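Here are my notes on the model you sent over. Have the structure open while you go through them.

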Amino acid sequence: MTQQEFPLNLITALRAATRVTVLTGAGVSAESGIPTFRDKQTGLWEKFGATELATPYAFERDPALVWGWYEWRRGLVLKAQPNAGHRAIATMQTHVPHFTLITQNVDDLHERAGSCDVLHLHGELSRPYCEGCRRPYSHADGILDLPAGGALRQDVATDEVREANRSHASGSPVSGECRSTNSPTGRRIPPPICTVCGAKIRPGVVWFGESLPQVQWNTASDAARHCEVFLCCGTSALVQPAASLTQMALDAGATAVQVNPNPTDLDGSVTFTIKGPSGIILPQIVAETWNIPK
Ligand code: BJW
């Protein structure tokens, strides 16, 4: 893609702004090889049922299926690298006095690109916790994989998983090695068990029907209401309450900019829509706004 012409008013607004808030969604990590949820053909919900995997009910009904799926996704993230879009957002933070980065993403690619104080509205893959006593649980380095030969039955796996927990607790990976896996299918891994209360460890993400973390949500909605420029990147803006942040910013008088290659419900309401992938568009916006040589 060649250099885009950006509306002058957008560049002027960004240059003048002392308060900028950025909201990101799965599209920002797409160019790092992390699948989005709702994109046709490549989105996670094209292949997997959201209600079978991303609800508290799903975890209650089939914990091994859900934990295995999240371990597969955690493996993808561990192998991925931040892309130019993540890096552009981190650069933006160094130019703006009051900058807030809000993400719906559960990966850590913003942090690895250099962003700090990221508000994770939907939790983080790397922060599982006990569903009973809510103590945080530390993953061993790498990904706990199944032995060669395929799926484990949950009853057969119990001792092995308890052994895995003991190894995790002592900081050493299972069998001296944690391997990553490529296949999300047929991969059932019973979740670890909390060594303190005996309840299941659950993925550290926010499922449908669950509340967002209160402090992050309050900080995010404050930042939306008090910014001069609100940048919404790589989200379909279909999931509430995160999707309402753009309108909050507009209602408070901000210039709202959307970066997305595809149409969204925000097209009619934002001040500017810039069509294209965030890994291309964001570096161009940052370079033009702060005169950074390419
Ligand atoms: C590119 C690109 C490139 C591609 N560059 N762009 C009000 C009205 C209606 C419903 C509700 C409501 N309030 C609450 C609800 C219910 C529900 C909800 O919103 N449902 C709707 C789907 C209808 N919300 C909730 O349940 C939330 N909780 C809540 O509100 O609590 C209060 C409450 C409790 C009980 C009852 C009622 C209220 C919690 C939502 C949690 C969402 N969780 C997930 C899973 C997280 C864990 C995991 O990762 O598995 O979060 S769902 C999934 O969607 C994930 C994402 O963060 C989230 C948003 O997706 P995102 O990021 O927008 O991705 P996509 O795939 O949708 O879009 C990607 C975009 O990128 C596309 O536009 C592409 O074009 C673009 N793109 N390549 C830039 N290179």
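The points below go through the sheet, its strands, two helices and the salt bridges.

1. One thing to keep in mind from the start: this is a predicted model. Everything below should be taken in that light.

2. The sheet is a good place to begin. It is open, has 6 strands in the order β3-β2-β1-β6-β7-β8, and its pairing is parallel. The edges belong to β3 (119-120) and β8 (272-274); each has a single partner strand, so one side of each lacks a neighbour in the sheet.

3. Next, β1 and β2. Residues 19-24 (β1) and 98-103 (β2) pair in the parallel sense, with 6 bridges between them. If you want a spot to zoom in on, Leu23 sits opposite Ile102 in β2. Helix α7 (residues 84-95) packs on the sheet here and touches β1, β2 and β6 (229-233). The direction of α7 makes about 155° with that of β2.

4. On to β7: how many of its residues are buried? The count is 5 of the 5, so β7 is largely enclosed by the rest of the structure. Thr255, Val257 and Val259 point one way from the strand, while Ala256 and Gln258 point the other way.

5. The partners of β7 are worth a look too. With β6 it runs parallel, joined by 5 bridges, and Cys232 stands opposite Gln258 in β7. Helix α11 (residues 244-251) completes a right-handed β-α-β unit with β6 and β7. Towards β8, the pairing is again in the parallel sense, over 3 bridges, with Val259 opposite Ile274 in β8.

6. Helix α12 (residues 278-289) passes a simple length check. Its 12 residues should span 16 Å at 1.5 Å a residue, and the end C-alpha atoms are indeed 16 Å apart. The helix is mostly covered, with 9 of its 12 residues buried; among them are Ile281, Leu282, Ile285 and Val286. What do these buried residues pack against? The list is α1 (8-16), α2 (27-30), α7, β6, β7 (255-259) and β8. Just after the helix comes Asn291, with a positive phi near 50°.

7. Helix α6 (residues 63-79) gives a similar picture. From first to last C-alpha its 17 residues reach 24 Å, close to the 24 Å expected at 1.5 Å a residue. It is mostly covered as well: 13 of the 17 residues are buried.

8. Now the salt bridges, of which the count comes to 9. In one of them, Arg188 meets Asp62, the closest N and O atoms being 2.8 Å apart. Arg188 is in the loop between α9 (154-169) and β5 (201-202), and Asp62 in the loop between α5 (56-61) and α6, so the pair ties together parts 126 residues apart in sequence. Buried or partly exposed? Arg188 is partly exposed at 27% relative accessible area, whereas Asp62 is buried at 17%.

9. Lys200 and Glu131 make another pair, with their closest N and O atoms 2.9 Å apart. Lys200 also lies in the loop between α9 and β5, Glu131 in the loop between β4 (129-130) and α9, so this pair links parts 69 residues apart in sequence. Lys200 is buried at 16% relative accessible area, while Glu131 is partly exposed at 31%.

10. Finally, Lys275 and Asp267 meet in a salt bridge at 3.6 Å, N to O. Both count as partly exposed, Lys275 at 38% relative accessibility and Asp267 at 29%. Elsewhere, salt bridges with shared partners join Glu60, Glu131 and Lys200 into one network.

Note on methods: Residues numbered from 1 in each chain as written. Predicted model: local features only at pLDDT ≥ 70, side-chain atom pairs only at ≥ 80, totals over all residues. Heavy atoms only, no water. Pairing = 2+ DSSP bridges. Helix = DSSP H or I, 4+ residues; strand = E, 2+ residues; numbered from the N terminus. Contact = heavy atoms within 4.5 Å. Axes fitted to C-alpha atoms, helices over the stretch in contact; angles between N-to-C directions. Expected span 1.5 Å × (residues − 1). Buried < 20%, exposed > 50% of the residue type's maximum accessible area, 1.4 Å probe, protein only. Right-handed = clockwise from strand over helix to strand, strands pointing away. Salt bridge = Lys/Arg side-chain N within 4 Å of Asp/Glu carboxyl O.
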